[in-house]
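Colleague: Please take me closely through the helix packing in this model, and begin with a few local details so that the packing can be read in context. Where a classification depends on a cut-off, please spell out the reasoning.

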Amino acid sequence: MSVSQIVGQSRQCLSRLPALSVCSSDIPARGCQPTRKMSTKIKMADRLKGTERNVWVEFGKLAADYKAINLGQGFPDYHPPQHVLDEFAKTITSSENSLFHQYTRSYGHPHLVKTLAQLYSPIMGRQIDAMSEVMVSVGAFGILFSTIQGLVNPGDEVIIIEPYFDCYEPMVKVAGGTPVFIPLRPVYKMDEVEMIADLCKKHDAVCIADEVYEWMIYSDNKHIKIATLPGMWERTITIGSAGKTFSATGWKLGWGIGPSELIQALSVLHQNSIYTCPTPIQEAVASGLDYEISVFGDQEKCYLQSLALELLPKRDMLAKVLAEVGITPTIPEGGYFMMADISKLDVEIPDDGTDDPYDFKFIRWMCKEKKLSAIPPTAFYSQGDKKLGEKFIRFCFIKNDETLEAASKVLRSWNVAVKK
């Protein structure tokens, strides 16, 4: 029996079902039966237990409810670069190619994967095959999910460096893996990256390199891709993000790059879950990256290189204000988040009735009373290591200068005593 026959029969079966009547349990109606309770056997799958809580859901809602200045979630409050917006507008209004509005290749729109291969081949120091060594999914999140579900077997140990993006742990657990947590020390240099690479080779392990902030590097620092180290290409999935690259997080487009043997596992998972991503967004990102490649090296025109220059004064401004009010900032060398030590603030936080770490309670109080939102870093630590992050809060500084000025005004108005 063909797929079309199966679908056809399914539709016929549905068409034969009697019409359903909607009844209120409070209003008797002829033919209506009392609402039946759901069977106790019908419930969330056991493998999802323990993964219900999500820090973004809670604190995103909190910021909205209290109309707080949101320096929590990592997204800009301004437009992506104009040339990318123009490409998107051209794609969706173009009369030249109607197929931009239809399904495209499952593993990545041909134009996009070819452009990604062109962009990353010189960076990786090898010729990347666009059709077998690149895969596109719904954001870096989709690539992470496809990677972990596609490569982790039940019982596999997965080493997670803390602090980590909070989805790593639940994704590993749902795949049946066992997370093993390693806290990161304040110093993280090239010799440690090389040590990780050596351990991967020694134990024949796969490395998942989440590198979505690869272009946001400050001063003379360099981003080193672990996949470029000797013997690491064949065991590394490198993850990138159009949302982070072009400051368009709502576009939800990400990619994974690696050897075909590993990419195949991601592709099988992807084709049986997400299947494909929106064609017009992929086309617009591809055209945007084509332009970036053409002007690469010109820091005024190339957004990949100018974004860090744009963010640097924002970073320094936030750090200065935090230091002024007794909060000790950790100055980031990349990305657009800043960890801030609040342990010197003499603030009494009322008991909120939870047994959550101090940073959760502090930010709830700050959001409600001061109308300023951040993210609690203990969400990025395992249960046993949350003490390492509870005296910090995390701010995002990829915001309009007006937003940062408003946040600075709030911080300066606290008049909070500082512990000696």
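**Helix packing, with local details first**

Modeller: With a relative accessibility of 52%, K61 counts as exposed, because the cut-off for that class is over 50%. K61 belongs to helix α2, which covers residues 55-65, and the side chain of K61 makes a polar contact at 2.7 Å with the side chain of D65. The model is a predicted one, and each value given here should be read as a property of that prediction.

As a frame for the packing, the protein chain has 13 helices and 11 strands, and 45% of its 420 residues count as buried. When contacts between residues at least 6 apart in sequence are considered, 68% of them join residues at least 24 apart.

Turning to the helices themselves, two packed helices are described by the angle between their axes and by the distance between those axes. Helix α10, residues 279-294, is a useful centre for the description, and helix α3, residues 82-93, can be taken as its first partner: their axes come within 8 Å and cross at roughly 140 degrees. That angle is not over 145 degrees, where roughly antiparallel begins, and it lies outside the 65 to 115 degrees of roughly perpendicular, so α3 and α10 are oblique to each other. The crossing of this pair is right-handed. On the α3 side, the contact is built from H83, V84, E87, F88, T91 and I92, and these meet P280, I281, E283, A284, S287, G288, Y291 and E292 of α10. By class, the residues of this contact comprise seven nonpolar, four polar and three charged.

The second partner of α10 to be described is helix α4, residues 110-124, and here too the axes come within 8 Å, although the crossing angle is roughly 30 degrees. Since angles under 35 degrees count as roughly parallel, α4 is roughly parallel to α10. The handedness of the crossing of α4 with α10 is left-handed, whereas that of α3 with α10 is right-handed. From α4, the residues H111, L112, T115, L116, Q118 and L119 meet Q282, E283, V285, A286, S287, L289, D290 and I293 of α10. The make-up of the contact of α4 with α10 is seven nonpolar, five polar and two charged residues. E283 and S287 of α10 take part in the contact with α4, and E283 and S287 also take part in the contact with α3.

A further helix pair is formed by α11, residues 303-324, and α13, residues 401-412, whose axes come within 10 Å and cross at roughly 5 degrees. With an angle under 35 degrees, α11 and α13 are therefore roughly parallel to each other. K314, M317, K320, V321, L322 and E324 of α11 make this contact with D401, L404, E405, S408, L411 and R412 of α13. Divided by class, the contact of α11 with α13 has five nonpolar, one polar and six charged residues.

Some backbone details deserve the same care, because most residues other than glycine have a negative phi and most peptide bonds are trans. The peptide bond that joins E162 and P163 is cis, with omega of about 0 degrees, and P163 is placed in the loop between β3 (157-162) and α6 (168-174). S219, which is not a glycine, has a positive phi of about 55 degrees, and S219 is found in the loop between β5 (207-210) and β6. S247 likewise has a positive phi, near 55 degrees, and is found in the loop between α8 (242-245) and β7 (254-257). The surroundings of these two serines contrast: S219 counts as exposed at 60% relative accessibility, whereas S247 counts as buried at 5%.

A last serine, S241, lies in strand β6, residues 236-241. Its relative accessibility is 6%, and since the cut-off for buried is under 20%, S241 counts as buried. Its side chain reaches the backbone nitrogen of K244 at 3.0 Å, and, leaving aside residues up to four places away in sequence, S241 touches A140, V212, L253, G254 and W255.

Technical notes
Residues are numbered from 1 along each chain as its sequence is written. This is a predicted model: local features need pLDDT of at least 70, side-chain atom pairs count only at pLDDT 80 or more; totals for chains, interfaces and linings use all residues. Side-chain values use heavy atoms; hydrogens and water are left out. Axes are lines fitted to C-alpha atoms, for helices over the stretch in contact, and angles run from 0 to 180 degrees between N-to-C directions. Helices (H or I, at least four residues) and strands (E, at least two) are DSSP runs, numbered from the N terminus. A crossing is left-handed if the near helix is turned anticlockwise from the far one by less than a right angle, and right-handed if clockwise. Contact means heavy atoms within 4.5 Å. Ala, Val, Leu, Ile, Met, Phe, Trp, Tyr, Cys and Pro count as nonpolar, Asp, Glu, Lys and Arg as charged, and the others, Gly among them, as polar. Buried means under 20% relative accessible area, exposed over 50%, partly exposed in between (1.4 Å probe, protein chains only). A polar contact is a pair of N or O atoms within 3.5 Å; within protein, one must be able to donate a hydrogen and the other to accept it, and residues adjacent in sequence count only if both atoms are side-chain atoms.
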